[in-house]
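Here are some notes on the chain, set out as numbered points to be read alongside the structure itself. Could you look at each place in turn as you go through them?

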Amino acid sequence: MESHPIDLAKGFAAGLLGWSLLAGAPAYALDFDSFIMPDPRNRTLRAMFDDAAALAERRPDMLPDGIVVHGSRDIAAAWLTGPTRRYGHGVLGDAVEASGVAVDMADGRRLALTLGPDSVFEDRYPRLADLDGDGRDEMLVVRAYLDRGAALTVLRVGEGGLEIAAETLAIGTPNRWLNPVGAADFDGDGRIEVALVRTPHIGGVLMIYRWIGDRLELIHEEPGFSNHSLGSRALGMSAILDADGDGLPDLVIPDQTLTALRVMSFTDGTLRQLVHIQEEAGIDSDFIQIDLDGDGRADLAYQFHGGMPAGVIFRPRRGSGE
């Protein structure tokens, strides 16, 4: 149930006192508190959103702005390789993309896969998740075709090494991109779904997929979302967590304007908005999952444009599944 590979939330709940409450509004079985955090010059706050430590870890032939992702199953580490300029979209701040991916396996092997000349990985890191329940990790990576735009690709370790196991349909137009949200069993049926936002800069659509055969098959979609600011290197501007306390993961994603959060449930196989949280400014950072009020549940921290840190505490109502 991961939406971003960097775990930066460390011991910050003690700073809750003195924060300025902005809004609180109930919807369905969920209340919330949204607030601006203390002085943004605070070093602890700045460290939460600083990926310098992650960028400092380097591997052979690695993407310059890539991040090494660490796993706890069969894949110990994974990263994007083969910097190339053959796709000039530049949606992530430059026109340097990856032409391959490499992994260090828990058994000591190093495996690699290189794409053909018709596509690149328009991404900064693979996302590890056990999508089929076999106890081994697959990888989710954004693949961009030079003539068809982006698709989300599933890679796995096969008998002959790394291989492409499944993929969504490409968007169909060059220079069109998508940004993954993550993977989880959103509807409680025991199968893993994959969520992404297609074209987050121009009419973003939240799309839910399931892995069937050699395809990621679309099972639901809804417009009105964005989880990326054009040119930004922050890809984790969304989260998967149990906001309403029903035991199933929900999706927290900004709206198309990046000035509000939409908390979405997929518990009955249909997307339903639990709550809409209007913010005071545009959101412009990865989301950090952290227990802000010490109740043992995940909340969110993020930054507005200009670096002002903010957060939201989710409060499921009594009797709603706590």
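1. I begin with a cation over a ring, bearing in mind that this is a predicted model. The charged end of R148 lies over the ring of Y145, at 3.9 Å from the centre of that ring. A second arrangement of this kind involves R59, whose charged end sits over the ring of W79, 5.0 Å from its centre.

2. The aromatic side chains deserve a look next, since the count of aromatic pairs comes to two. In one of them, the ring centres of F287 and Y302 are 5.4 Å apart and the planes stand at 40°, an angle that falls between the limits of 30 degrees for stacked and 60 for edge-to-face, so the pair is classed as tilted. This pair links distant parts of the chain, with F287 in the loop between strand 19 and strand 20 (288–290) and Y302 in strand 21 (residues 299–303), the two being 15 residues apart.

3. Both partners of that tilted pair can be checked for burial. F287 has a relative accessible area of 4% and, because the cut-off for buried is under 20%, F287 counts as buried. Y302, at 0% relative accessibility, is likewise buried. Together with F304, these two residues form one aromatic cluster.

4. For the strands, I would draw attention to an open sheet of four strands, in which the order is 16-17-18-19 and the pairing is antiparallel. Its edges are formed by strand 16 (239–241) and strand 19 (272–278), each of which pairs on one side only. Between neighbouring strands of this sheet the average turn is 20°, with direction ignored.

5. Which residues stand opposite each other where strand 17 meets its partner? L241 is found opposite D250 in strand 17. Strand 16 and strand 17 (residues 250–254) run antiparallel and are joined by three bridges.

6. Some overall values for the chain complete the picture. The secondary structure amounts to two helices and 22 strands, and buried residues make up 55% of the 322 residues in the chain. Of the contacts with a separation of 6 or more, 52% are between residues 24 or more positions apart. The chain exposes about 13100 Å², and carbon and sulfur atoms supply 49% of that area.

Conventions: Residues are numbered from 1 along each chain as its sequence is written. This is a predicted model: local features need pLDDT of at least 70, side-chain atom pairs count only at pLDDT 80 or more; totals for chains, interfaces and linings use all residues. Side-chain values use heavy atoms; hydrogens and water are left out. Two strands pair if DSSP finds at least two bridges between them. Axes are lines fitted to C-alpha atoms, for helices over the stretch in contact, and angles run from 0 to 180 degrees between N-to-C directions. Buried means under 20% relative accessible area, exposed over 50%, partly exposed in between (1.4 Å probe, protein chains only). Contact means heavy atoms within 4.5 Å. Accessible areas come from the Shrake-Rupley method with a 1.4 Å probe; for residues, only the protein chains shown count as cover. Rings of Phe, Tyr and Trp (its six-membered ring) pair if their centres lie within 6.5 Å; planes under 30 degrees apart count as stacked, over 60 as edge-to-face and the rest as tilted. A charge sits over a ring if NZ of Lys or CZ of Arg is within 6 Å of the ring centre and within 35 degrees of the ring normal.
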